[in-house]
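Hi,

Here is the structure I said I would pass on. Have a look at it first, and my notes follow underneath.

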Amino acid sequence: MSTSVNAFGHELSLLDIHPVAGNIGAEVRGVRLSPDLDDALFAQIEAALIKYKVLFFRQQHLTDETHQAFGARFGKIVPHPTVPAPGNSKLFELDASKGGGRADSWHTDVTFVDAFPKISILRGVTIPAYGGDTVWANTAAAYEQLPEALKRFAESLRAVHSNDYDYGAERTVTEAHRLEHHQKVFVSSVWEAEHPLVHVHPVSGERALLLGHFFKRLVGFSSKESAKIFELLQNRITRLENTVRWQWQQDDVAIWDNRTTQHYAVNDYGNQPRLVRRVTVEGERAVAVDGSHSRTLVSPVEQAQKVA
């Protein structure tokens, strides 16, 4: 067992931790995840998550019910704002056989709302024989690696995020049925939020970049200028040194800190079946270095009130 102490003073003596990459990601062995997990062990999982940003657990055999109940140990679980959940659940399902089932673009989950999820828990239900890996990037490390002048500039910026983003911007091929799903389901209601481009983690105090494919524009800049600044900083996030790639096996579980990561599902498995389900834990509005918060710009509730 590891007897290390993480960067925030928490002992991790109950966990058998094996880092997977140098700047992000660790596999935790010998733990069976469940809603009834011992409090001391669960507290160390939370602490390890802050340190490593994403944790991997093999052969967990969670059900839809225990998956959601375990997620609730981290806080209130919330459904996706626009995509219907399977059955009577709050799960977000990514099914490769359906239009919206391939998340092959760098993003932080649901940043088009002001209080985007703090933690995501993804479970492998049906895994292809090859391909279909997921890659995560450390947005806190990316910030720390910026030159001082660029840090200060980034800290001064605010960005608008929306679910009505340019779906084909980063994709070399966009099938018609995927675009149709995006337009009819994912953007069935439009949300926009304004976030600080650099936000402060509420637990660790780390500063992290807040970007990804839901980014729409920078406040006070033209669309062309916004795109150039976005590219500069987004490329810093996805440098290979800041990433970890996980090769899924059946019943694996990945848990990530959505406040300090982006992720990308590699679309390289052709027509093989791939089904994963995600639980997301309610977060809070991002806080800028100057203490200001994220705010909602557009929501279905506000739109309905204007119509009324």
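One thing before the details: this is a predicted model. The protein comes out with 7 helices and 17 strands. It has 308 residues, and 53% of them count as buried. If you take contacts between residues at least 6 apart in sequence, 82% of them join residues at least 24 apart. As for the outside, the accessible surface is about 13600 Å², with 51% of that belonging to carbon and sulfur atoms.

Now the inside. The largest nonpolar core has 28 residues, and the ones touching the most other members are Val31, Ile45, Leu55, Phe57, Phe74 and Ile255. Several elements give two or more residues to this core, among them strand 2 (26-29), strand 3 (54-57), strand 6 (119-126) and strand 14 (253-257). Helix 1 gives the most, with 7 residues. Try clicking on Ile45: setting aside its neighbours within four places in sequence, Ile45 is in contact with Leu15, Val31, Leu33, Leu37, Leu55, Phe57 and Phe74. There is also a second, separate core of 21 residues, which includes Ala159, Val198, Phe215 and Phe230.

The aromatic rings deserve a look too. The whole structure holds 10 aromatic pairs. In one of them, Phe56 meets Trp136 edge-to-face, at 5.3 Å centre to centre and with 65° between the planes. Phe56 is in strand 3 and Trp136 in strand 7 (residues 134-138), so this pair ties together parts 80 residues apart in sequence. Phe56 has 0% relative accessibility, so it counts as buried, and Trp136 is buried as well, also at 0%.

Phe56 has another partner: with Trp246 it forms a stacked pair, 4.1 Å centre to centre and 5° between the planes. Trp246 belongs to strand 13, so here the parts tied together are 190 residues apart in sequence. Both Phe56 and Trp246 are buried. Add Trp256, and ring pairs link Phe56, Trp136, Trp246 and Trp256 into a cluster.

Elsewhere, Arg73 lies over the face of Phe42, at 4.5 Å from the ring centre.

Last, two backbone oddities. Which residues have a positive phi of about 75° without being a glycine? They are Lys53 and Asp251. Lys53 sits in the loop between helix 1 and strand 3, and at 2% relative accessibility it counts as buried. Asp251 is in the loop between strand 13 (243-246) and strand 14.

Cheers

Definitions and conventions:
Residues are numbered from 1 along each chain as its sequence is written. This is a predicted model: local features need pLDDT of at least 70, side-chain atom pairs count only at pLDDT 80 or more; totals for chains, interfaces and linings use all residues. Side-chain values use heavy atoms; hydrogens and water are left out. Helices (H or I, at least four residues) and strands (E, at least two) are DSSP runs, numbered from the N terminus. Buried means under 20% relative accessible area, exposed over 50%, partly exposed in between (1.4 Å probe, protein chains only). Contact means heavy atoms within 4.5 Å. Accessible areas come from the Shrake-Rupley method with a 1.4 Å probe; for residues, only the protein chains shown count as cover. A nonpolar core is a set of buried Ala, Val, Leu, Ile, Met, Phe, Trp, Tyr and Cys residues joined through side-chain atoms within 4.5 Å. Rings of Phe, Tyr and Trp (its six-membered ring) pair if their centres lie within 6.5 Å; planes under 30 degrees apart count as stacked, over 60 as edge-to-face and the rest as tilted. A charge sits over a ring if NZ of Lys or CZ of Arg is within 6 Å of the ring centre and within 35 degrees of the ring normal.
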